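Me: I would like to understand the words people use for a protein model. Could you go through some with me, step by step?

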Amino acid sequence: MRIHHLNCGSLRKIPPLGAEPTADVAHLERAAVCHCLLIETDSDGLVLVDTGLGTADLRYPERSLGADWVAYARPALDPEESALRQVVRLGYAPRDVRHIVLTHLHRDHTGGLPDFPHARVHVHPDEYRSVTDPAAPHHRHSLDRFMSAHRAHHPLLTPAVAVRDGEWFGFRDVARPRGLAGELLLVPLPGHSAGHAGVAVRDGDGRWLLHAGDAYMHHGEIEHTPPRSHPALDPVQQGAQTDAAARVLTRDRLRGLRRDHADEVTVLSAHDPWEFARLTARAGS
């Protein structure tokens with residue numbers, strides 16, 4: 001198994017992410033990223049974790065993503081950043097992406113779905129219910145953020161299956177995507193969306209990688225005590241969250257996971273560019 005780290009959308013937010021107080025080149029001023037994973041498996045083809053911005057988003061951003069969001073996030077609109085182009089550059093065909101596993105259904109995570117219409121799309125059961133059941137909590141909020149352009153092709157949206165006695169490093173109600181043989185789990189990380197979840201995958205060396213989605217947006221939130229957030233990202237987090245108290249609790253649990261299990265688990269955020277730079281340098285991808 002090999003895991004590639006992909007930036008599938010540079011977001012030059014207003015205000016921009018300023019430089020951090022260090023001379024390290026990895027901490028120079030950067031645009032926010034849409035950090036996705038491409039997993040080469042032995043038996044399940046390619047698995048894409050989150051999709052970032054898709055090719056249609058980059059061609060028709062206001063129509064696909066919404067004019068207000070585009071004006072605020074200021075996506076770079078570089079076609080070469082799409083997951084589709086990056087998959088092809090790695091020597092694969094789009095149809096080789098057989099599964100997509102999503103942390104949640106917000107527009108900067110689902111834009112690439114139309115580029116892989118044949119792929120089965122896995123989400124946590126709570127996130128699935130939030131967009132399919134009108135009686136579910138936050139149903140209207142969830143549908144508003146799952147853009148119509150990203151679901152017009154009727155993606156093969158599939159709820160993951162709860163794991164019996166499912167627990168992962170103390171996180172409960174873990175679910176497993178249907179039809180995937182490898183060690184890949186959806187770990188509930190509530191607060192940001194109705195069914196927000198991290199995606200945990202065990203790499204070829206036996207270590208776990210946890211893509212924590214938008215459970216936190218800056219590494220200072222889990223690397224420092226007390227947590228140190230980024231002022232440019234705080235309004236984004238607070239504007240999107242469905243449950244502020246649950247989000248803070250999730251963030252604190254991730255900080256504990258990193259502190260107590262750093263030799264077993266690497267945690268990453270969907271949008272932190274300095275974290276992305278460190279991980280790509282380490283992975284060589």
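Reply: Gladly! Let us start with Thr55, which is found in helix α1, residues 55-59. Keep in mind that this is a predicted model.

Me: Why is Thr55 called buried?

Reply: Its relative accessible area is 16%. Buried means under 20%, so Thr55 with its 16% earns the word.

Me: What makes the link between the side chains of Thr55 and Asp115 a polar contact?

Reply: The two side chains come to 2.6 Å. A polar contact needs a pair of N or O atoms within 3.5 Å, and 2.6 Å fits that limit, so the name applies. Leaving out residues up to four places away in sequence, Thr55 touches Ser82 and Leu84 as well as Asp115.

Me: And Ser64, where is that, and why is Ser64 called buried?

Reply: Ser64 sits in helix α2, residues 61-65. Its relative accessible area is 6%, and the cut-off for buried is under 20%, so Ser64 counts as buried.

Me: Which side chain makes a polar contact with the side chain of Ser64?

Reply: That of Asp57, at 2.4 Å. The limit is 3.5 Å, so this pair qualifies too. Beyond its neighbours within four places in sequence, Ser64 is in contact with residues including Met147, Ala149 and His150.

Me: How confident is the predictor, going by the average pLDDT of the chain?

Reply: The chain averages 92, and 94% of the residues score at least 70. Over residues 21-28, though, pLDDT stays under 50.

Key
Residues numbered from 1 in each chain as written. Predicted model: local features only at pLDDT ≥ 70, side-chain atom pairs only at ≥ 80, totals over all residues. Heavy atoms only, no water. Helix = DSSP H or I, 4+ residues; strand = E, 2+ residues; numbered from the N terminus. Buried < 20%, exposed > 50% of the residue type's maximum accessible area, 1.4 Å probe, protein only. Polar contact = N/O pair within 3.5 Å; in protein donor to acceptor, adjacent residues only side chain to side chain. Contact = heavy atoms within 4.5 Å. pLDDT = per-residue confidence, 0-100.
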